[in-house]
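Here are my notes on the model, as numbered points. Have a look at the structure first, then read on.

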Amino acid sequence: MPGFPRRSAGRRLQLPLLCLLFQGATAVLFAAFVRYNHETDPALWHWGNHSNAANEFYFRYPSFQDVHVMVFVGFGFLMAFLQRYGFSSVGFTFLLAAFALQWSTLIQGFLHSFHGGYIYVGVESMINADFCAGAVLISFGAILGKTGPTQLLLMALLEVVLFGINEFVLLSLLGVRDAGGSMTIHTFGAYFGLVLSRVLYRPQLEKSKHRQGSVSYSDLFAMIGTIFLWLFWPSFNSAPSALGDGQHRTALNTYYSLSASTLSTFALSALVGGDGRLDMVHIQNAALAGGVVVGTSGEMMLTPFGALAAGFLAGTVSTLGYKFFTPILESRFKIQDTCGVHNLHGMPGILGALLGVLVAGLATHEAYGDGLENVFPLIAEGQRSATSQAVHQLFGLFVTLTFASVGAGLGGLLLKLPFLDSPPDSQCFKDQIYWEVPGELEEEAQGPLRTEEPDTRA
Amino acid sequence: MPGFPRRSAGRRLQLPLLCLLFQGATAVLFAAFVRYNHETDPALWHWGNHSNAANEFYFRYPSFQDVHVMVFVGFGFLMAFLQRYGFSSVGFTFLLAAFALQWSTLIQGFLHSFHGGYIYVGVESMINADFCAGAVLISFGAILGKTGPTQLLLMALLEVVLFGINEFVLLSLLGVRDAGGSMTIHTFGAYFGLVLSRVLYRPQLEKSKHRQGSVSYSDLFAMIGTIFLWLFWPSFNSAPSALGDGQHRTALNTYYSLSASTLSTFALSALVGGDGRLDMVHIQNAALAGGVVVGTSGEMMLTPFGALAAGFLAGTVSTLGYKFFTPILESRFKIQDTCGVHNLHGMPGILGALLGVLVAGLATHEAYGDGLENVFPLIAEGQRSATSQAVHQLFGLFVTLTFASVGAGLGGLLLKLPFLDSPPDSQCFKDQIYWEVPGELEEEAQGPLRTEEPDTRA
Amino acid sequence: MPGFPRRSAGRRLQLPLLCLLFQGATAVLFAAFVRYNHETDPALWHWGNHSNAANEFYFRYPSFQDVHVMVFVGFGFLMAFLQRYGFSSVGFTFLLAAFALQWSTLIQGFLHSFHGGYIYVGVESMINADFCAGAVLISFGAILGKTGPTQLLLMALLEVVLFGINEFVLLSLLGVRDAGGSMTIHTFGAYFGLVLSRVLYRPQLEKSKHRQGSVSYSDLFAMIGTIFLWLFWPSFNSAPSALGDGQHRTALNTYYSLSASTLSTFALSALVGGDGRLDMVHIQNAALAGGVVVGTSGEMMLTPFGALAAGFLAGTVSTLGYKFFTPILESRFKIQDTCGVHNLHGMPGILGALLGVLVAGLATHEAYGDGLENVFPLIAEGQRSATSQAVHQLFGLFVTLTFASVGAGLGGLLLKLPFLDSPPDSQCFKDQIYWEVPGELEEEAQGPLRTEEPDTRA
């Protein structure tokens with residue numbers, strides 16, 4: 001591209017070398033540690049006396065595919081609302097998630113399914129790896145447009161590890177329930193991203209302010225992301241739930257919660273909008289808060305009414321957050337939250353955790369019957385009272401906030417290393433620095449269409 | 001937005017207040033009446049002696065998700081073909097469907113699954129609620145661009161009730177078979193919308209005629225809607241069918257029918273097009289008629305050939321309808337059918353109902369074997385002959401047309417209430433009246449990319 | 001459209017007549033030969049003593065739907081990257097695939113499931129028909145923009161037959177394993193298209209060179225295609241695998257392979273790009289090579305590490321192919337490969353076949369246990385050694401290349417028939433010749449929004 005000075009080789013080579021290094025490293029670790037589990041290994045599977053229909057694949061793979069769509073299409077296109085950053089939004093989502101799922105397979109494997117020196121993989125590890133990639137993409141949303149791909153890969157490298165440890169502390173050590181990840185995914189991902197954005201604060205960002213808006217077609221691309229996230233969120237929350245009533249109830253609760261958050265988002269957006277107009281930013285984001293808010297309690301006895309109420313509250317809080325809190329976050333707290341992840345994942349995540357505290361605290365043997373074992377095994381086995389479970393849930397939220405904040409503080413220092421290929425203030429929110437960008441639609445001389453011209457090919 | 005006079009508060013507040021009112025009302029009704037059914041309630045499920053694999057979730061949830069995509073992505077983006085109405089097409093689809101599914105859960109619940117004072121919900125109620133939302137969106141297609149969101153919500157309020165009653169009369173009282181809804185969904189939704197459009201006739205609509213066309217990229221967004229509708233229609237028709245061969249056969253028949261309607265649509269579009277050119281309106285819509293036309297007979301012994309023939313006929317009729325009948329509908333009958341729902345849902349819906357009459361009338365014990373019980377229980381139990389079933393099917397069509405027309409007449413009077421926030425003729429088919437619309441892509445001064453500028457963040 | 005001379009009637013009528021002829025012919029053949037199989041026929045299904053849960057539908061339909069999305073959304077939108085050819089890319093994909101799946105149901109049925117004079121159909125025939133449509137679309141990619149729809153339908157007519165025969169020779173006669181079709185689908189489709197492109201070589205194609213590029217939004221539409229292909233490729237490769245561990249392992253291997261090809265594509269694209277910039281063409285295409293390369297070996301004991309290594313290699317080779325080999329293909333070999341199918345399907349397909357040779361040759365009873373029967377039945381039954389299986393696999397690759405090349409040579413002569421409606425050199429890569437194309441977005445006089453104007457409808 002004439003007129004553009006070339007970047008130094010040191011900067012140009014960062015992305016390819018980091019990709020090669022990371023891929024090489026995960027491949028070596030896979031060779032050493034990752035093995036098929038008893039449902040994917042032919043010898044192990046056929047050694048047992050199963051019917052093929054009993055393979056976990058048939059109970060979880062359709063949900064996995066819905067989650068997979070959410071991570072790559074949902075997050076990717078939701079972030080494509082920026083008028084000149086569509087390639088990066090979709091493309092870096094693709095890159096980050098493809099790396100995060102490999103790296104997370106290893107980290108989660110070491111922490112959760114490391115037996116006899118090996119990590120055993122199957123559809124459940126695929127779901128968990130995609131979940132972790134989702135958290136990384138939430139953090140990406142906070143710093144979207146202001147970081148280069150090298151920085152993002154380093155963020156993923158660190159965040160996946162911290163995600164795994166936090167999840168291990170909550171689920172395995174504290175016995176916290178969080179199937180759909182209000183805490184482990186949304187709260188963690190959001191505050192990790194927000195603290196990171198704080199550390200990477202750019203006082204001169206108004207230099208590229210004019211590119212932070214959308215255009216009509218970029219908003220429609222973003223709606224593709226929104227709608228697929230909205231549609232498949234019931235699968236997201238239910239993907240790791242207990243089989244049978246567990247998955248079924250979780251999907252149902254999430255479906256109701258999302259429908260209510262959609263109505264409250266439209267109501268609030270029109271209420272606070274100039275001249276009663278709806279704002280696409282709200283619809284694209286806050287309408288999804290109903291999925292986040294039942295991430296913890298969706299598998300519990302939330303009741304259909306409870307799901308509607310929770311969704312309604314989440315949509316309201318989230319829309320008001322976009323309108324009133326995001327500007328303060330930047331002006332007062334120096335947090336430049338590009339996608340408003342505080343409104344979509346942060347506050348609704350915390351609300352979801354607190355809702356989980358409440359619903360767990362109300363758990364009784366009568367309400368759950370023999371199903372209590374699946375939802376609250378420690379209560380069913382008499383090791384813990386409902387109140388104690390609630391306290392543990394609450395403690396899990398604090399642990400998550402701590403891990404996210406401290407981890408992102410460290411991460412921020414890493415991403416500020418001066419030699420990293422970070423975009424200058426004037427080039428933020430712009431694909432051109434990292435991508436070959438095509439020109440605009442060429443004008444055509446609209447001469448007569450010569451369909452009868454002598455065919456030179458004959 | 002400078003230069004625009006503000007709407008009066010009475011108009012600006014209609015949408016938020018209606019959303020809050022509707023959401024509040026459904027939440028209260030949910031609290032009073034809606035309960036988990038025996039497959040979503042942990043105590044009930046674990047009380048029985050089921051294997052988890054027997055939970056209905058695993059037989060119907062993947063189909064539900066496909067239906068869900070059709071309703072929100074399919075309908076939403078299909079209607080986004082209008083050059084300046086994409087936000088409203090996708091956004092109001094989102095709002096209407098999110099409300100309709102809650103409201104329909106209640107209405108259908110009261111009519112179909114009200115036991116001991118409660119409505120019991122699970123994946124089947126989710127599918128049925130989404131089906132009803134689909135009918136509402138079909139009606140929306142007829143009045144697209146000419147009604148405000150307040151009017152649309154009121155339409156949904158009324159239409160969901162009438163849909164439920166009509167469905168109850170057909171399926172429960174008359175013993176009509178209509179798994180994929182040729183009558184209950186497509187015919188009902190289409191004629192409800194068409195009569196509504198007649199009542200709301202705007203003689204001065206040519207004031208916004210220039211906005212009724214598409215542009216290249218809006219046609220591609222519409223194709224996203226078309227293709228997802230086309231792909232998942234086999235799931236739509238089979239979602240409520242009997243388990244086993246029933247779902248399997250329905251999906252197969254729909255798949256064949258759609259492939260034939262695609263070929264006949266391309267043939268007819270090129271045949272009637274200026275200079276043999278294909279028309280995107282036909283491809284986006286008429287190619288889908290094959291799904292509509294087997295909505296009733298798809299679960300029956302239609303045979304693969306029958307499916308192809310039905311699809312072929314539907315694509316032909318639909319394409320010719322777009323070319324020749326839509327203009328007459330407006331000029332003679334004063335029905336301004338924005339999306340041509342008469343061609344995609346109306347005529348193919350009636351054809352589908354008649355095809356159901358035919359195939360039901362030919363039912364024999366030999367052809368269905370013991371599977372007759374699932375498709376025509378009343379014939380299998382000897383309560384009805386095949387001919388009698390056919391007559392009932394035909395009567396169901398007349399009932400549907402009556403309910404749709406009379407109901408929409410009433411609905412039209414409701415929507416004409418003068419204080420409702422309806423767009424003036426000159427502002428139809430335009431997002432700007434209800435949405436904050438971003439400007440066009442900003443021109444950038446393409447100066448040299450200063451990647452080596454002093455980094456002010458360090 | 002004023003100013004355009006009308007095409008002759010002989011050209012204008014080709015498309016409609018061919019569509020009608022083809023649809024009529026398949027319908028007649030369906031009437032004569034196609035019947036419901038024992039899982040879709042009510043009498044046959046209920047005659048047996050099955051549980052409904054045992055119906056193949058529940059094990060394969062979700063995978064089928066993913067494949068269906070890949071064929072129609074994936075291929076269609078991936079090819080919509082061209083700035084003025086979006087309607088044709090998506091529309092002709094729709095037409096071709098809708099015809100190919102019917103025609104292939106017949107051809108594959110005659111070759112694979114013809115019993116007692118009838119072809120029996122169900123979800124497996126749906127998957128296989130969609131697979132064949134996929135191969136046709138791969139070939140379409142090589143000649144995209146340079147052929148009219150009549151030519152494309154004739155190509156499909158021929159290619160489906162040759163695809164079926166080649167598949168029959170490999171799978172049924174040679175006992176080759178190729179679940180995900182590295183050979184039968186990707187290698188066959190790619191080389192069929194490339195040879196066709198050679199025969200149809202247009203020396204004057206630079207006349208429409210300026211239309212071969214993309215614009216920002218067309219690249220984002222293409223990314224919709226890419227991402228859905230990438231996401232659902234695990235379902236593609238596993239759709240026809242053995243139930244149980246077979247499908248599960250194949251999906252897992254494909255998931256890993258794709259994640260590695262994504263990282264190597266980003267690495268290589270930045271490495272060879274001007275100033276280290278990423279190229280959308282690489283990301284849209286080469287990142288998918290990981291799915292192609294494990295098409296044969298995905299069901300085998302590839303190991304998770306093997307999947308990563310294979311994907312890494314495929315992404316690397318494919319990206320380098322786009323950068324360095326595509327220009328040579330045109331200049332030296334006179335092959336104008338519009339979508340670069342040689343890089344995405346050709347070379348990775350051959351690599352995938354060779355990987356299958358290797359992994360098959362290493363098969364042992366120890367590694368597969370009793371699962372060997374499902375993956376290599378001839379080895380399990382002692383009819384063949386692993387080495388012999390490997391030799392047969394290799395021979396299958398040569399058979400495929402031969403069938404594709406010779407068949408496409410014949411096909412090219414057919415498509416060069418001078419009366420066929422082929423676009424002249426100056427009109428390639430342009431929708432306008434076959435489609436009614438809307439104008440650009442109309443400028444609106446942005447006068448004050450008169451919401452308070454007297455409502456003429458009252």
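1. Let's start with how the chains meet. Only 16% of the interface residues of chain C are also interface residues in chain B, so these copies meet through different surfaces. Likewise, only 15% of the interface residues of chain C are also interface residues in chain A, so here too the copies meet through different surfaces. Contact, here and below, means heavy atoms within 4.5 Å.

2. Some ground rules before going further. This is a predicted model, where local features need pLDDT of at least 70 and side-chain atom pairs count only at pLDDT 80 or more, while totals for chains, interfaces and linings use all residues; side-chain values use heavy atoms, with hydrogens and water left out. Residues are numbered from 1 along each chain as its sequence is written, and chains are lettered from A and ligands numbered from 1 in the order in which they are written.

3. Now the symmetry. Chain C superposes on chain B after a rotation of 120° with 0.0 Å of shift along its axis, at an RMSD of 0.0 Å (a least-squares fit on the C-alpha atoms of residues with pLDDT of at least 70 in both copies). That is the relation of a three-fold axis. In chain C, the C-alpha nearest the axis belongs to C:Pro62, 3.9 Å from it. Laying chain C on chain A takes a turn of 120° and a shift of 0.0 Å along the axis, with an RMSD of 0.0 Å.

4. Between chains, look at helix 9 (residues 216-238) of chain A and helix 4 (residues 57-78) of chain B, which pack at an angle of about 165° with their axes 11 Å apart. That makes helix 9 of chain A roughly antiparallel to helix 4 of chain B (angles under 35 degrees count as roughly parallel, over 145 as roughly antiparallel, 65 to 115 as roughly perpendicular and the rest as oblique). Axes are lines fitted to C-alpha atoms, for helices over the stretch in contact, and angles run from 0 to 180 degrees between N-to-C directions. Helices are DSSP runs (H or I, at least four residues), numbered from the N terminus.

5. What does that contact consist of, by residue class? The residues where helix 9 of chain A touches helix 4 of chain B divide into 15 nonpolar, four polar and no charged. Ala, Val, Leu, Ile, Met, Phe, Trp, Tyr, Cys and Pro count as nonpolar, Asp, Glu, Lys and Arg as charged, and the others, Gly among them, as polar. On the helix 9 side of chain A the list includes A:Met223, A:Trp230 and A:Phe232, and on the helix 4 side of chain B it includes B:Tyr61, B:His68 and B:Phe72.

6. A:His68 is worth a click. Its place is in helix 4 (residues 57-78) of chain A. At 1% relative accessibility, A:His68 counts as buried (buried is under 20% relative accessible area, exposed over 50%, partly exposed in between, with a 1.4 Å probe and protein chains only). Leaving aside neighbours within four places in sequence, A:His68 is in contact with A:Asp130, C:Trp230, C:Leu231 and C:Tyr255.

7. Within chain B, the axes of helix 13 (residues 304-331) and helix 14 (residues 341-361) come within 8 Å and cross at roughly 135°. Helix 13 of chain B and helix 14 of chain B are therefore oblique to each other. The contact of these two helices of chain B has twelve nonpolar, five polar and no charged residues. Among those in helix 13 of chain B are B:Gly321 and B:Phe325, and B:His342 is one of those in helix 14 of chain B.

8. In chain C, C:His342 lies in helix 14 (residues 341-361). At 8% relative accessibility, C:His342 counts as buried. C:His342 and C:Leu194 are 148 residues apart in sequence but 7.4 Å apart in space, C-alpha to C-alpha. Contacts of C:His342, leaving aside neighbours within four places in sequence, include C:Tyr191, C:Leu194 and C:Asp337.

9. Last, two backbone spots to check. A:Phe429 has a positive phi of about 60° although it is not a glycine; A:Phe429 is found in the segment after helix 18 (386-415) of chain A, and at 0% relative accessibility it counts as buried. B:Asp275 has a positive phi of about 55°, again not a glycine. B:Asp275 lies in the loop between helix 10 (245-272) and helix 11 (280-285) of chain B, and at 6% relative accessibility B:Asp275 counts as buried.

Methods:
Helices (H or I, at least four residues) and strands (E, at least two) are DSSP runs, numbered from the N terminus.
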